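I opened a notebook for this chain and went through it by topic. The entries below follow the order in which I looked things up.

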Amino acid sequence: MTLSSGISKEEKRLEENRKQTKFWKKWGTYMSERCWGVPREDYTDSGESWEFGFDMSRSRAFRWTEQGMAGVCDMHQFECITMALWNENDPFLKDSLFGLPGGSSSESGNHGEDVKELYYYLDNTPTHSYAKFLYKYPIGKFPYDEIRAGNSKRTKNDPEFEITDTDAFDDNNYFDIFFEMAKSATDPEEINFRITAYNRSGAVAPLHIIPQIFFRNTWAWNLDEYKTKPMPTLVRDSPSSIRSDHFELGTSRFVFAPAPGVSEGSPDVVPTFLFCDNNTNFKKLYKGENKGKYSKDGFHDYIVDEKAEAVNPEDYGTKACAWFVFDENGGVPAGDYVTVRYKMTRDMSQAALRIDEDEFDRVFDERLEEADEFYWDVSPLPIPSSMRNVQRQAFSGLLWTKQFYHFIHDYWYKGDPNSALPPTVGRANGRNREWRNLYNRDILSMPDSFEYPFYCSWDTAFHTIPLAMIDPEFAKKQLDLLTREWYMSAKGQIPAYEWNFSDTNPPVQAWAAYRVYKVEKKMYGKADRPFLERLFQKFLMNFTWWVNQKDNDGNGIFEGGFLGLDNISLFNRSEPPANVELYQSDASGWIAWYSLIMMNIALELARENPVYEDTASKFFEHFLLIADAMTFLNKSENDSNGTPTEESLWHEEDQFFYDRIHWGGDHTTPMKVRSLVGLIPLFATTTLEPNVLERFPNFGKRLRWLSKNKQYLMDRHIASVNVKGAGNRLLLSLVNKERLVSILKKLFAEDEFLSDYGIRSLSKYHQDHPVSMEINGETFRVKYLHGESDSGMFGGNSNWRGPIWFPTNFLLIESLLRFYLYYGSDLKVEVPTGSGDFMNLGQAAEEIQQRLIHIFIPNKQGYRAYNGPLNVTDDKEASEERIRNNAVLDLLNKDENFKNLVNFYEYFDGDTGRGLGSKWQCGWTALVARMIQDVGVICRAPKTPVRRSSCYSGEEILNYEPSSSPYHLLNRRKSGRSLFDLTAHKLELEEDEVKDHLPPGLSRQVSTKSAESESSIHDDFLRQVREAMSKFRISPQEVNISSDEFETHTN
C-alpha cells in the first residue's frame, strides 16, 4: 500500500478504532440528504411512498432516519448536527437539498426522482477525522417552481431539466458554502466545525448561516425500549454554548465563537440561540392538534416568517440552532467571505467556553495534512494531478455516503404503539411483508445520499472494492452484515433493496468478499481468513437458495428476473408475459461465475483446512454442469456431436449468448438482443495455478475422476480444462478460444459495444436494427438508447439499453485479465475491431479502463465528458437552447470555482459519456478510483491515439511532486505548512516486494506496512518521492499483473 515504513496518523486511528481503544468512528458524516419519499417512511395502504414529499419534510418528523445538509451524527443517529442557510429571498430556510420525486405525480421528474442542487463531497477520511463539503447556494430566490415546471414539460425522450438550465448561477450570483469538520488529535468526541461562505457574485449580498443540533425523534412512537428513558434535551447553558443531554450519549456542549464581521472593520457577529422540538406540526399538515407548543419547522417560521411564538423563549428543546446574520452594510461584500466556528466537546469547564481561533484552525490544518498523507500512502504513484483529484473525490464520496440506516420490520409493518399512523392490513400494498427478520440499525455504504438513501445489496458489493483500499474493516463489515440473520432471510436470500427486498439481484457478494480479502492482503499484509471462512458458510446458504429457487427444473439453466439490469430485455423479466418461461443467459452465467468464486474461496480455505477441498470439488462440478447446460441442454451423454442443441443459450450463427423463452409450444425461441446478457457469461472464468492439483490432492483426485467417468463433459466442454496455457495454468471458462474471439469482435467494435468511454450495455447495432417480438398479441421492442430511458420501467430512472455502467465494465475487465493469465500474449485481438491494431487481452482490459477514466478527466480543451458535449452546429444563427447549453458547459468545465469539482453519476451516455441518473452514485462509480490506481500512470489523454507509455516523461517522473489540494480557502486563517513540509514517509524499496504488487502495465516498488510501526513526519519528502519514482518502469508490451490478485495460490 505505502512507501512508508510507518503508519500514518489516519491509519493509527483506524487501528485504534478496530481494537476499540478509541472510538474514532462514533461520529461521522452519516446522515442522508433525503429521507422523504422512501418506503420505510411510507405508512399508506397503497404503497405510495412519494406522498411524503419535499415540502412535507419541513414539518413532519421522520420515524426512522433524519436528513440534512452536510449532516454529522453518532453511529445510531441519536444526535444530529447539520447546517441551514437563508439568503433573504427564499420562502423558507435551506436546510435540506431539493429534488423531484419519482412516481407519477405532476411534480415527478421526467426520469424519476432527481436532486436539483449543486453540491460536492470534496474530502473525507475513513475515521471522519477530517471532512469537507461544498454547497453552491444561489443568492437570488431559489428556482423551486421553475424547476418543477421545466421538468413537467419534458418527456421521457428529453433530458432532465436541471438547476443550471435556470439563471440561478448566471453572473456568478451564488455563495460557495464550505462545511468542514476536524476531530481532535486525541479525543474522538472533541470535534471542530467550520463553515466558510464566499460571495462569488459582483455585488454585496446578505447571508444567514444557521448551524443546527437536534435529536432524532425516538419519543413520539411510545416504544418500550424508550418509555423509561428521560427526554433528551438541548438547553442554553451560557451566552456562547448549548448543553446537550442524552440518555445514551451523555452530556456534551456545543460552543460557538463570535464570527468575524463582513469586513475587517466590522463588529463580530454573535449568534442568537433558538430552540424548538423535533416534532410533527400536525396543525400545519393535517389541521390537527400538535403534541407540544413547538414543532420541527419552528426556525423556518421564526426566521423567515418572523413568528415569535414558533420558538421556545425558555431556551430549551430537542432542536436548537445558532443563528448568525451577516447583513451589515448589505451583507457579505463581493468576492469576500465570512466564517463561522463552533465545536462539540465533553469538557464542561469554564475554560472550554472560549475558542482560540488560531488553535482551532490549526486542528483543521493538521487533519488536512494527515488526510493528504493518508491518501498519498494509498496511491504512492506518479499519477497526474487531474486523476489524483478524481480518485480523492471518489473516495470522499464513498465516505460521505456512508449513512445510518434504520428499519425494523415488525415496528413498521405492525405499527408503533399509540402511533398516529396505526397499523393497517397489508400496509404499503403488502410491500416486503415476508421480511419479518429485518432489524437493520447500522452504518451502511449506500449508493447515493439523495436518490438512493437505502442499501442496495449488489451495489454494496462493488462499493467494497474501493472501500477496501482505504478502510478494509468497514468494507468487510458491509459484506458481513448482509449475511447476518437480521438481514439475510431464513431461506438464504440476501435482501435486494428497500423498494422490494425480494427482488433478485446478481450474486456478487461472494466475489466481493474474496476480492476484499485479496485487496487487504496485498495492500495491508493481512489475510483475514476468519472473515473469509465466516462469510463462506453464509454464502453456502445463499448459493443453495439460488439453486432451489431459480433452477426450478434442476437442469442447470437459471432464471432470476431483471437481475439488476432493469429494462435491458424486451419485457420486464421479473414479470414476463403470461405463460412465458424464461431461460436466462445472464442468470446462468452469474451462477456459473458464483460457482467458480466459491471454488476459489474453498481452495483458499483448504490451504489450512483440507476439509474444504471436497467443497471446492463440489463447486467445480456444479460449474461444469451449468456450462454444459448452457450449450448442450437435453443432449445425451452418448452424443459426441459438438453442435449446440436447439435449446442452447449459445447462438451458433450469431456467435453470441441470448436469453430464450419457452411459450406456445414445445420449442424455445431466442430473444436476439445483443446486450450485457450475452457478455455476462464471460465473467465465469478462472485459472488454476499449475501446482493446485498437487497442493490439494483430494481436489485433484475428484477432477481426475470426472475426467475418467464423465468424459463427455470434458470432451464437449467449452472450457479449456485439459490444455495448459501461459505459466502452465488451466482455464475454466464458459467459452473456448473460438467463441471468446467471436464475442470480443463485437465487444471491441465501435459500432457495437465499444464506446470512447467504455463498454455499452446494449450493442449500438440495435440503433438501426431494433428487435421486436409479438407475444400473446402484444408487441415488445428493444432499440439502442444511448441516453436516458424512454419508458417508465423500474421507475424510468435507469437505462440498460445502451449506456455505460461501471460495475459490469469492472467485471468484464477482470475477466479479460483472467483470460490474459491463461492465453498470455499469444492471443491478440483488434482494438478497435477493424482498426488493424492488435492487443493482448491484458492490454485490451487496460484500454477499457482508460476509456472509463476518460469520462472524468478534462480533454485538451478542458471539458469533462460527464458534463455533456458541446452543442456544435453549422447554423449561423445559434438557438437559445444551444447557447444556454454551451454556456453551462463553460461554467462547469472552465470556471475557476467549478472546473476541479467532480460528480460521479450512476451511468453514462453510450455515445458521449454524459453523466446520467443519480448524480452521486459514488458507490459503484467510485470503482474509477481502483482503475486510476491500476492504469493511471499509463492513461493517455481523452481522444488521443492508443499508446502504451507513461503520462510523464522519464525526467518528469524523476521530478514528480504530488500536487496540493485545488480547494484552498482564503488565508485569513492561519495557514498550515505545505504538503512537502509535513507529509514525509520513509520508503521501502526492496526488490523482492515488486512481483506481489504489480498493477496492470506498471512495475513499482511497494511494501506492506507494519501496523505496529510509527509514522515518520519530518523526513525529506521530495528526496524520497524522487527516489521512489526512479524505480518505475513502463513495459511497452507486457501487462504486469499478479495472478494472486484474482486466484488462489498455494504458497
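Where is the place of serine 57? I found serine 57 in helix H2, residues 54–57. I note here that this is a predicted model.

**Entry: serine 57**

I looked up whether serine 57 is buried or exposed. Its relative accessibility is 4%, so serine 57 counts as buried. I then listed what serine 57 touches, leaving out residues up to four places away in sequence: Trp36, Phe52, Phe62, Gln67 and Lys296. I also took one C-alpha separation: serine 57 and arginine 34 are 23 residues apart along the chain, and their C-alpha atoms are separated by 9.1 Å.

**Entry: the chain as a whole**

I counted 28 helices and 36 strands in the secondary structure. The chain has 1051 residues, and 66% of them count as buried. I looked at contacts between residues at least 6 apart in sequence, and 74% of these join residues at least 24 apart.

**Entry: helix H1**

Which residues of helix H1 (residues 9–19) are buried? I get Glu10, Glu11, Arg13, Leu14, Glu15, Glu16 and Asn17. The buried residues of H1 pack against three helices: H7 (357–378), H10 (457–470) and H12 (509–524). Just after H1, I noted a positive phi of about 60° at glutamine 20.

**Entry: nonpolar cores**

For background, nonpolar side chains tend to be buried together in soluble globular proteins. The largest nonpolar core here has 260 residues, and Tyr135 and Phe179 have the most contacts inside it. Helix H14 (residues 585–606) supplies the largest share of this core, 15 residues. Why does this core lie between domain 1 (9–378) and domain 2 (397–635 + 642–814)? Both domains give residues to the core, so it lies between them.

I looked up the surroundings of phenylalanine 179. Not counting residues up to four places away in sequence, phenylalanine 179 touches Ala70, Val72, Met83, Ala131, Lys132, Phe133, Phe193, Arg194, Ile195, Tyr342 and Trp400. I also found a second, separate core of 26 residues, including Phe407, Leu438, Tyr455 and Ile494.

**Entry: the largest pocket**

What volume does the largest pocket have? I get about 1,200 Å³. Its lining has 49 residues, and the closest to the pocket centre are Arg154, Pro159, Glu160, Asn885 and Arg914. The elements that give two or more residues to this lining are helix H24 (880–894) and strand S34 (915–916). H24 gives the largest share, seven residues.

By class, I sorted the lining of the largest pocket into 17 nonpolar, 16 polar and 16 charged residues. Domain 1 (9–378) and domain 2 (397–635 + 642–814) each give at least three residues to this lining.

**Entry: cavities**

How many cavities of 30 Å³ or more does the structure hold? I find eight. The second largest cavity has a volume of about 140 Å³. It is lined by 15 residues, and those closest to its centre are Gln67, Asp95, Phe214, Lys296 and Lys319. I classed this lining as two nonpolar, eight polar and five charged residues. Two of the names had come up before: Gln67 and Lys296 are among the residues that serine 57 touches.

**Entry: backbone geometry**

For reference, most residues other than glycine have a negative phi, and most peptide bonds are trans. I logged these cases against that background.

- The peptide bond from valine 831 to proline 832 is cis, with omega near -5°. Proline 832 sits in the loop between strand S31 (828–830) and strand S32 (838–840).
- Asparagine 429 has a positive phi, near 60°. It lies in the loop between helix H9 (409–414) and strand S19 (439–445).
- Glutamine 655 also has a positive phi, near 55°. I place glutamine 655 in the loop between strand S21 (650–651) and strand S22 (656–657).

I then checked whether asparagine 429 is buried or exposed. At 60% relative accessibility, over the 50% cut-off, asparagine 429 counts as exposed. Glutamine 655 has a relative accessible area of 19%; the cut-off for buried is under 20%, so glutamine 655 is buried.

Technical notes:
Residues numbered from 1 in each chain as written. Predicted model: local features only at pLDDT ≥ 70, side-chain atom pairs only at ≥ 80, totals over all residues. Heavy atoms only, no water. 1 Å grid on protein atoms, 1.4 Å probe; cavity = no way out; pocket = protein on both sides within 12 Å on 5 of 7 lines; lining within 4 Å. Points joined across faces, edges and corners; volume = space filled by probe spheres on them. Helix = DSSP H or I, 4+ residues; strand = E, 2+ residues; numbered from the N terminus. Nonpolar A, V, L, I, M, F, W, Y, C, P; charged D, E, K, R; others polar. Domains from an automatic or database assignment. Core = buried A, V, L, I, M, F, W, Y, C linked by side-chain atoms within 4.5 Å. Buried < 20%, exposed > 50% of the residue type's maximum accessible area, 1.4 Å probe, protein only. Contact = heavy atoms within 4.5 Å.
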